[in-house]
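User: I am new to this structure and would like to go through it by question and answer. Please keep the answers plain.

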Amino acid sequence: MRAATTGGFVLGLAMAAVGAMAAVGRLADAQPQGGADVPRLVLDRALRETRGRVVSLTPDALTLRDDAGRVRTIPRADVLALLPERAAGPTGAVSASFEPRMRLADGQTLPGTISAGGAPEGESLRWESTLLGSVRVTLEDVAVLELGELPGGAPVRAGTADVVRLRNGDSVEGFVAAVGSVVRVERDAGAVDVPLERVAMIAFANPEASPAGVALWLHNGSVVSAGSVSIADGMLDFEATLTSGDVRVSVPDVRAALFDPGAVRGLSGLAWTAQGVGARRWTPPPVIGDTARAPLFAADVELPGPMQVTFELPAGATMLACEAELPASSRVWGDCELIMDVGGREVSRTRLHAERPKADLRVEFGGAVPAGSRLRVTVAPGNRGAVQDRVILRRPLVLLGGGR
C-alpha cells in the first residue's frame with residue numbers, strides 16, 4: 001500500500017518518476033494503418049546499427065530487407081532495439097496537440113481518459129486506454145496523470161508528497177488517497193476532495209521502477225510493456241502485460257521497440273550538472289528533450305555553447321553511443337572539440353566544423369564503471385573561438401553490462 005506522507009511537502013523540479021504495476025483489463029486491438037514498413041535502425045547488443053525494413057520477427061530471428069531488396073537475417077538474441085532513423089528535430093516529439101495520458105512509474109504511457117463515473121475506487125483507478133481498452137492500476141504504480149493543459153505548460157514533479165495541479169494554476173500537495181469523480185488529498189490539516197474536472201495534472205511521489213518485458217513505442221503516443229512479440233505479414237502481435245491480452249498493430253504504427261530495457265539508459269534521463277569553460281563563467285544550461293516520450297527514453301541533448309556537463313553514470317555502464325552534430329544553423333562559424341572523459345580519463349575527442357559537422361560516436365569507458373562514476377562532456381572552442389559552438393547529441397544511449 002502507498003504510505004501517506006505528512007509534514008513539509010515539497011514540489012520538485014525534475015521529470016516524473018518511473019514503478020511496478022498491476023492491472024486488470026480487457027483485450028483490445030488497435031486499428032492498423034497498413035502499408036510497407038519504413039526504414040529502421042536495428043541496434044545490436046554492442047549498440048552497432050544495421051539499416052533495413054522489417055520483414056518478420058520470430059523467437060529465433062529478425063529478418064530485414066535493405067533498399068536494394070537484399071534480405072538479411074539477424075539472430076533474435078543479438079537484437080537489442082528497433083528505432084526510427086534519426087531526424088533533425090527533437091526525438092521526444094509525438095504530437096503537438098494535448099491529449100490526456102497516464103504515465104506509470106516504469107515509463108509505460110497510455111493516452112486515453114479516466115473512468116470517473118462514480119466514487120473513487122480506493123487506492124486504484126480505471127483508465128480507458130485508446131490502445132488497450134479499460135485497465136485498472138493501483139495508485140502506487142502511477143507517476144503522472146495528465147488530464148488537462150497546464151497554464152503556461154509548466155511541468156510538475158512530485159517530491160516527498162503528491163502534487164495535484166489545478167486548471168487555474170493552483171496546486172494542492174499531500175497524499176492522493178483516491179481518484180475518481182473527485183480526487184481525495186489527505187493533508188495534515190485534513191482531507192480535501194477536489195472535483196476531477198478542476199484537475200489538470202496529478203504527480204505522484206512514487207519511486208522509479210524498471211520496465212519489464214519488451215518495451216514498445218507506438219505512434220499514437222502509447223508506450224507499453226509486452227510479453228511475447230512477433231512480426232509477420234506487416235503486423236506486430238504482442239501480449240500486453242497490463243491486460244494479459246493479445247494486441248495487434250501494423251508495423252508502421254510502431255515507432256520503436258526495446259527488447260531488453262535493462263541493457264541501456266538514455267543519457268537524457270541521467271542527473272547532470274553544468275558549468276562554463278575558459279573565460280565563459282556562465283553558459284546556458286543543456287537543452288534536454290522529452291525523455292518520457294523519446295524512443296528508448298533517449299531524447300536529444302543539446303549543448304548550446306562552450307561548456308562542461310557532468311553526468312552521473314549508472315553502475316555497470318560500459319559505453320556511450322550517439323551521433324554528435326553541429327546543427328545547420330551553426331556551420332558558418334562553428335568549430336569546436338567535443339571531449340569526453342570518465343573519472344578524469346579522456347575517452348573521446350572529436351572535432352566538429354563545417355566540413356565535418358557530424359560524427360558517429362561509440363565511446364568505450366574501458367570496462368564497467370562502479371557506482372558513483374561520472375561522464376564529463378566538454379564543448380571546447382576551436383580555431384574560430386566560441387562563436388556558434390553548439391553541439392547536439394542525437395539519441396545518446398549508455399550501455400550497461402557490456403556488449404558482444
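User: Is D37 buried or exposed?

Analyst: This is a predicted model, and the values here are computed from it. A residue counts as buried under 20% relative accessible area. The relative accessible area of D37 is 7%, so D37 is buried.

User: With which residue does D37 form a salt bridge?

Analyst: In the D37 pair, the closest N and O atoms are 2.8 Å apart. The partner has a relative accessible area of 4%, so the partner is buried too. That residue is R40.

User: How many salt bridges does a search of the whole structure find?

Analyst: Side chains of opposite charge can pair when their charged atoms come close. D37 with R40 is one such pair, and R45 forms a salt bridge with D260. The search of the whole structure gives 19 salt bridges.

User: How many residues apart in sequence are the parts that R45 and D260 tie together?

Analyst: The closest N and O atoms of R45 and D260 are 3.1 Å apart. R45 lies in the loop between β3 (40–44) and β4 (49–57), while D260 lies in the loop between β23 (254–258) and β24 (264–266). The pair therefore ties together parts that are apart in sequence by 215 residues.

User: Is R45 buried, partly exposed or exposed?

Analyst: Partly exposed residues fall between the cut-offs of 20% and 50%. R45 has a relative accessibility of 23%, and its partner D260 has 27%. R45 therefore counts as partly exposed.

User: Which strands hold R394 and E325?

Analyst: R394 and E325 form a salt bridge whose closest N and O atoms are 3.0 Å apart. The two residues sit in separate strands, so the pair ties together parts that are 69 residues apart in sequence. R394 is in β34 (residues 391–400) and E325 is in β29 (residues 317–325).

User: Which residues do salt bridges that share partners join into one network with R394 and E325?

Analyst: R394 is buried at 5% relative accessible area, and E325 is buried at 8%. Salt bridges with shared partners link R394 and E325 into one network with two further residues, D300 and R331.

User: Which strand gives the most residues to the largest nonpolar core?

Analyst: The largest nonpolar core has 51 residues, and M102, L145, V179 and F238 touch the most other members. One strand contributes four residues to this core, and that strand is β20 (residues 223–232).

User: Which residues is M102 in contact with, leaving aside its neighbours within four places in sequence?

Analyst: M102 is among the core members that touch the most others. With the sequence neighbours within four places set aside, the contacts of M102 are Q108, T109, L110, L125, W127, V135, V137, V142, V144 and L145.

User: What are the edge strands of the open sheet of five strands?

Analyst: The order in this sheet is β25-β28-β33-β30-β31, with antiparallel pairing. An edge strand pairs on one side only. The edge strands are β25 (272–275) and β31 (345–353).

User: Which residue in β28 stands opposite Q275?

Analyst: β25 and β28 (residues 307–312) pair in the antiparallel sense over four bridges. Across this pairing, the residue opposite Q275 is Q308.

User: Which residue takes a positive phi in the hairpin of β21 and β22?

Analyst: β21 (residues 235–240) and β22 (residues 245–250) pair in the antiparallel sense over six bridges, and E239 has D246 as its bridge partner. The hairpin has four residues between the strands. The residue with a positive phi, near 55 degrees, is S244.

Technical notes: Residues numbered from 1 in each chain as written. Predicted model: local features only at pLDDT ≥ 70, side-chain atom pairs only at ≥ 80, totals over all residues. Heavy atoms only, no water. Core = buried A, V, L, I, M, F, W, Y, C linked by side-chain atoms within 4.5 Å. Buried < 20%, exposed > 50% of the residue type's maximum accessible area, 1.4 Å probe, protein only. Contact = heavy atoms within 4.5 Å. Salt bridge = Lys/Arg side-chain N within 4 Å of Asp/Glu carboxyl O. Pairing = 2+ DSSP bridges.
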